[in-house]
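Here is a short, friendly tour for anyone opening this entry. Please keep the sequence and the 3D view side by side as you read.

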Amino acid sequence: MAIISAGVIMNIITAILFFTYAFSSGIENPTAVIGSVQAGLPAWEKGMQAGDQIVEINGRKVNSFLDIKRGVASLPEHSKSKQCDEMVKHTPSPSIPRKKNSAA
């Protein structure tokens, strides 16, 4: 009986160790930096470019892409159709030269 119990106990100990390691390593949560902008869409019209970081949506601070998803989902339906510049504040990337957008 002791041999059978020893195997079960080692499985439990190993599971606890792996669980502890997995949660102490953490989960990467990327910042809300724009990867690309398509011409003609509201972000492009506002002058956002790749490398810009979104810092606020409708008065709520943004730290990650999950915050963007939550911020947009919590807006009333009529707010979702507002222009991008009324809802989103962003900080331009200093390393990327700024271009003036022209309507196509």
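The report below goes from the whole chain to helix 1 and its side chains.

## The chain as a whole

Please bear in mind that this is a predicted model. Its secondary structure comes to four helices and three strands, and these follow one another along the sequence as α-α-β-β-α-α-β.

The chain has 104 residues, of which 19% count as buried. Its accessible surface comes to about 8,100 Å², with carbon and sulfur atoms contributing 63% of that area. Among contacts with a separation of 6 or more, 60% join residues 24 or more positions apart.

## An aromatic pair in helix 1

Now turn to helix 1, which spans residues 2–25 and holds both Phe-19 and Phe-23. These two residues are four positions apart, about one turn of the helix. The count of aromatic pairs comes to one. The ring centres of Phe-19 and Phe-23 lie 4.6 Å apart and their planes meet at 50 degrees, so the pair is tilted.

Are these two rings buried or exposed? Phe-19 has a relative accessibility of 52%, so this residue counts as exposed. Phe-23 also counts as exposed, because its relative accessibility is 61%.

## A nonpolar surface patch

Another feature to look for is a nonpolar surface patch of about 390 Å², made by Ile-4, Val-8, Ile-12 and Ile-16. One of these residues, Val-8, is found in helix 1. With a relative accessible area of 47%, Val-8 is partly exposed.

How values were computed: Residues are numbered from 1 along each chain as its sequence is written. This is a predicted model: local features need pLDDT of at least 70, side-chain atom pairs count only at pLDDT 80 or more; totals for chains, interfaces and linings use all residues. Side-chain values use heavy atoms; hydrogens and water are left out. Rings of Phe, Tyr and Trp (its six-membered ring) pair if their centres lie within 6.5 Å; planes under 30 degrees apart count as stacked, over 60 as edge-to-face and the rest as tilted. Buried means under 20% relative accessible area, exposed over 50%, partly exposed in between (1.4 Å probe, protein chains only). Patches are made of residues with over 30% relative accessible area and no salt bridge: like charges are joined within 9 Å, nonpolar side chains (Val, Leu, Ile, Met, Phe, Trp, Tyr) within 5 Å. Accessible areas come from the Shrake-Rupley method with a 1.4 Å probe; for residues, only the protein chains shown count as cover. A salt bridge is a side-chain nitrogen of Lys or Arg within 4 Å of a carboxyl oxygen of Asp or Glu. Contact means heavy atoms within 4.5 Å.
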